[in-house]
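Subject: Structure handover

Hello,

Here is the structure I promised to pass on. Please open it first, then read the notes below.

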Amino acid sequence: SGSFFIFLSSLGLLRFPDVFTRMHAAAKASSFGLGLMLLGTAFYFQNWFVILEAFLVILFVFLTAPIASHTISRAAYFLGVRLWEKTRVDEWKSADSSSQNKS
């Protein structure tokens with residue numbers, strides 16, 4: 001099942017229309033797929049060291065992947081990467097205009 005989610009992640013990287021939706025696919029599905037594969041590894045070996053190491057890697061990936069994805073998406077937005085033409089809400093644009101109105 002972990003390899004299925006990693007496959008879905010790679011499919012999302014190929015099929016999604018812009019950088020921001022691709023980042024979503026790369027962070028969410030691949031993290032979940034990796035977590036499932038490491039859980040399978042921990043259950044297969046049933047060694048306390050392997051189980052501990054698998055859970056530490058899962059924790060590290062679940063803590064860092066969303067932050068890295070958000071940071072890369074934010075950098076792409078501020079560098080001027082275009083949104084998909086069917087994007088309806090641009091929350092960063094409205095946040096920038098409201099912060100400029102306050103000054």
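Start with the first helix pair. α1 and α2 pack with their axes 7 Å apart, at an angle of about 170°. The cut-off for roughly antiparallel is over 145 degrees, so α1 counts as roughly antiparallel to α2. The crossing of α1 past α2 is left-handed. On the α1 side, the contact is made by G2, S3, F5, I6, S9, G12 and L13. On the α2 side, R22, A25, A26, A29, S30, F32, G33, L34, L36 and M37 take part.

Bear in mind that this is a predicted model.

Overall picture

The protein has four helices and zero strands. Read from the N terminus, the order is α-α-α-α. There are 103 residues, and 21% of them are buried. Take the contacts between residues at least 6 apart in sequence: 54% of these join residues at least 24 apart. The exposed area is about 7,900 Å². Carbon and sulfur atoms supply 67% of that area.

S9, inside the α1/α2 contact

S9 sits in helix α1. Is S9 buried or exposed? Its relative accessibility is 4%, so S9 counts as buried. The cut-off for buried is under 20%. Which residues does S9 touch, beyond those up to four places away in sequence? They are A25, A26, A29 and S30. These four are also among the α2 residues listed for the helix contact. The C-alpha atoms of S9 and A25 are 5.2 Å apart, although 16 residues separate the two along the chain.

F16, between the two helices

F16 is in the loop between α1 and α2. With a relative accessible area of 34%, F16 is partly exposed. Leaving aside neighbours within four places in sequence, F16 is in contact with T21, R22 and A25. A25 is thus touched by F16 and also by S9. F16 also has a distant partner to check: W84 is 68 residues away in sequence, but 9.6 Å away in space, C-alpha to C-alpha.

α2 itself

Does the length of α2 agree or disagree with its residue count? At 1.5 Å a residue, its 27 residues should span 39 Å. The end C-alpha atoms are 38 Å apart, which agrees. The buried residues of α2 are F20, M23, A25, A27, A29, S31, G33, G35, L38 and A42. What do they pack against? They pack against α1 (2-15) and α3. A25, A29 and G33 are on this buried list, and they are also in the contact with α1.

The α2 to α3 loop

Q46 follows α2. Q46 is found in the loop between α2 (19-45) and α3 (48-78). Most residues other than glycine have a negative phi. Q46 is not a glycine, yet its phi is positive, about 50°. Is Q46 buried or exposed? Its relative accessibility is 64%, so it counts as exposed. The cut-off for exposed is over 50%.

Three residues of α3

I51 lies in helix α3. I51 is partly exposed, at a relative accessible area of 30%. Neighbours within four places in sequence aside, I51 is in contact with A42 and Q46. A42 is one of the buried residues of α2. I51 and L38 are 13 residues apart along the chain, with 8.7 Å between their C-alpha atoms.

S69 is in α3 as well. S69 is buried, with a relative accessible area of 11%. Not counting residues up to four places away in sequence, S69 touches M23 and A27. Both M23 and A27 are on the buried list of α2.

R74 is also found in helix α3. R74 counts as partly exposed, because its relative accessibility is 39%. R74 and F20 are 54 residues apart in sequence. In space they are 8.9 Å apart, C-alpha to C-alpha. F20 is another buried residue of α2.

In short

α2 is the place to begin. Its buried residues pack against both α1 and α3. S9 is a good entry from α1, with its contacts to A25, A26, A29 and S30. S69 does the job from α3, through M23 and A27. Then look at Q46, with its positive phi.

Best wishes

Note on methods: Residues are numbered from 1 along each chain as its sequence is written. This is a predicted model: local features need pLDDT of at least 70, side-chain atom pairs count only at pLDDT 80 or more; totals for chains, interfaces and linings use all residues. Side-chain values use heavy atoms; hydrogens and water are left out. Buried means under 20% relative accessible area, exposed over 50%, partly exposed in between (1.4 Å probe, protein chains only). Contact means heavy atoms within 4.5 Å. The expected span of a helix is 1.5 Å times one less than its number of residues. Accessible areas come from the Shrake-Rupley method with a 1.4 Å probe; for residues, only the protein chains shown count as cover. Axes are lines fitted to C-alpha atoms, for helices over the stretch in contact, and angles run from 0 to 180 degrees between N-to-C directions. Angles under 35 degrees count as roughly parallel, over 145 as roughly antiparallel, 65 to 115 as roughly perpendicular and the rest as oblique. A crossing is left-handed if the near helix is turned anticlockwise from the far one by less than a right angle, and right-handed if clockwise.
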